[in-house]
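Subject: Structure handover

Hello,

The structure is below, followed by notes on what was found in it. Please read the notes with the model open.

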Amino acid sequence: LVGGVYYNSAEGIRALYDACSELGMSLDLERGLESLGWPPLLLAAHSGDPETVQALIEIGCNRGAVGDNGYSVLRAACENPQMDLETLDLLWQNGDGVDINESVQPRTSSWKALTAVSELVSKCGGAIPVVGGLAKAFADMRGSTPLHGAAQGGHEAVVSALLAAGADKSAERQDGATPLHGAHQYEVQ
């Protein structure tokens with residue numbers, strides 16, 4: 001299943017699901033990228049195309065899935081520049097099981113430790129600029145919401161759709177930044 005996600009093969013995903021069903025085999029819809037603890041739908045939402053995401057939804061992948069690092073499917077999709085409003089609507093589906101304001105919070109002890117180390121490196125200014133910058137970016141993700149991701153990526157249509165659906169425009173990340181801060185960052189870049 002993950003191979004179908006990596007290669008953005010919606011047809012391959014559907015064919016695999018159908019073949020497993022015909023053989024009476026179950027397909028593990030939650031096993032994905034083990035190093036991040038990301039199920040296939042989360043991986044596809046983050047970097048895949050809309051058709052791949054739609055195929056995974058069709059076969060029953062959990063739209064409310066959250067990776068070990070705290071990223072939700074919706075959060076990942078909102079920062080993906082390939083994602084369209086139709087696919088985001090399928091993920092959201094009137095909020096059925098998906099929290100539009102869910103913030104990124106590490107879920108496992110290893111991700112909590114990595115986040116703590118990143119915050120420490122970031123606070124110390126990072127002796128090596130690249131390392132310090134990466135640590136700050138990683139640490140600042142904690143508390144971000146789907147609206148943060150869409151705003152920072154400059155996805156105006158997605159921002160509008162999220163606000164219309166009730167996204168909290170005053171939500172703050174770990175560093176205190178709101179989605180508006182992210183939108184300003186995008187304009188500057």
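In the class counts used for the pocket, Ala, Val, Leu, Ile, Met, Phe, Trp, Tyr, Cys and Pro count as nonpolar, Asp, Glu, Lys and Arg as charged, and the others, Gly among them, as polar. With that settled, note that this is a predicted model.

Pocket

By those classes, the lining of the largest pocket holds 10 nonpolar residues, no polar ones and one charged residue. The volume of this pocket is about 150 Å³. Its lining consists of Leu74, Cys78, Leu85, Leu88, Asp89, Trp92, Ile100, Val158, Ala161, Leu162 and Ala165. Two or more lining residues come from each of α5 (73–79), α6 (85–92) and α10 (156–164). Of the elements, α6 gives the most, with four residues.

Overall fold

The chain has 11 helices and zero strands, so the pattern along the sequence is α-α-α-α-α-α-α-α-α-α-α. Of its 189 residues, 44% count as buried. Taking contacts between residues at least 6 apart in sequence, 70% join residues at least 24 apart. The chain exposes about 9700 Å², and carbon and sulfur atoms supply 54% of that area.

Nonpolar core

The largest nonpolar core contains 38 residues, and those with the most contacts inside it are Leu41, Leu56, Leu74, Leu88, Leu91 and Leu162. The elements that contribute two or more residues to this core are α1 (2–6), α2 (10–22), α3 (40–47), α4 (50–58), α5, α6, α9 (146–152) and α10. Leu74, Leu88 and Leu162 were also listed in the lining of the largest pocket. Leaving out residues up to four places away in sequence, Leu41 touches Val53, Leu56, Ile57, Cys61, Asn62, Arg63, Val73 and Leu91.

Three of those partners of Leu41, namely Val53, Leu56 and Ile57, are among the buried residues of α4. This helix is mostly covered, with seven of its nine residues buried. The full set is Pro50, Thr52, Val53, Gln54, Ala55, Leu56 and Ile57. They pack against α1, α2, α3 and α6. Just after α4, Gly60 has a positive phi of about 105°.

Two buried loop residues

Pro106 lies in the loop between α6 and α7 (109–123). Pro106 counts as buried because its relative accessibility is 12%, and the cut-off for buried is under 20%. Not counting residues up to four places away in sequence, Pro106 touches Asp68, Asn69, Gly70, Trp111, Lys112, Thr115 and Arg142. One of these, Asn69, is 37 residues from Pro106 along the chain, and their C-alpha atoms are separated by 4.5 Å.

Thr178 sits in the loop between α10 and α11 (179–188). At 15% relative accessibility, Thr178 is also under the cut-off and therefore counts as buried. Apart from neighbours within four places in sequence, its contacts are His148, Lys169, Ser170, Ala171 and Glu172. The C-alpha atoms of Thr178 and Ala151 are 9.5 Å apart, with their positions 27 residues apart along the chain.

Regards

Methods. Residues are numbered from 1 along each chain as its sequence is written. This is a predicted model: local features need pLDDT of at least 70, side-chain atom pairs count only at pLDDT 80 or more; totals for chains, interfaces and linings use all residues. Side-chain values use heavy atoms; hydrogens and water are left out. On a 1 Å grid over the protein atoms alone, a cavity is a set of points where a 1.4 Å probe fits but cannot get out, and a pocket is an open set with protein on both sides within 12 Å along at least five of seven lines; lining residues have an atom within 4 Å of a point. Grid points are joined across faces, edges and corners, and a volume is the space filled by probe spheres set on the points. A nonpolar core is a set of buried Ala, Val, Leu, Ile, Met, Phe, Trp, Tyr and Cys residues joined through side-chain atoms within 4.5 Å. Buried means under 20% relative accessible area, exposed over 50%, partly exposed in between (1.4 Å probe, protein chains only). Contact means heavy atoms within 4.5 Å. Accessible areas come from the Shrake-Rupley method with a 1.4 Å probe; for residues, only the protein chains shown count as cover.
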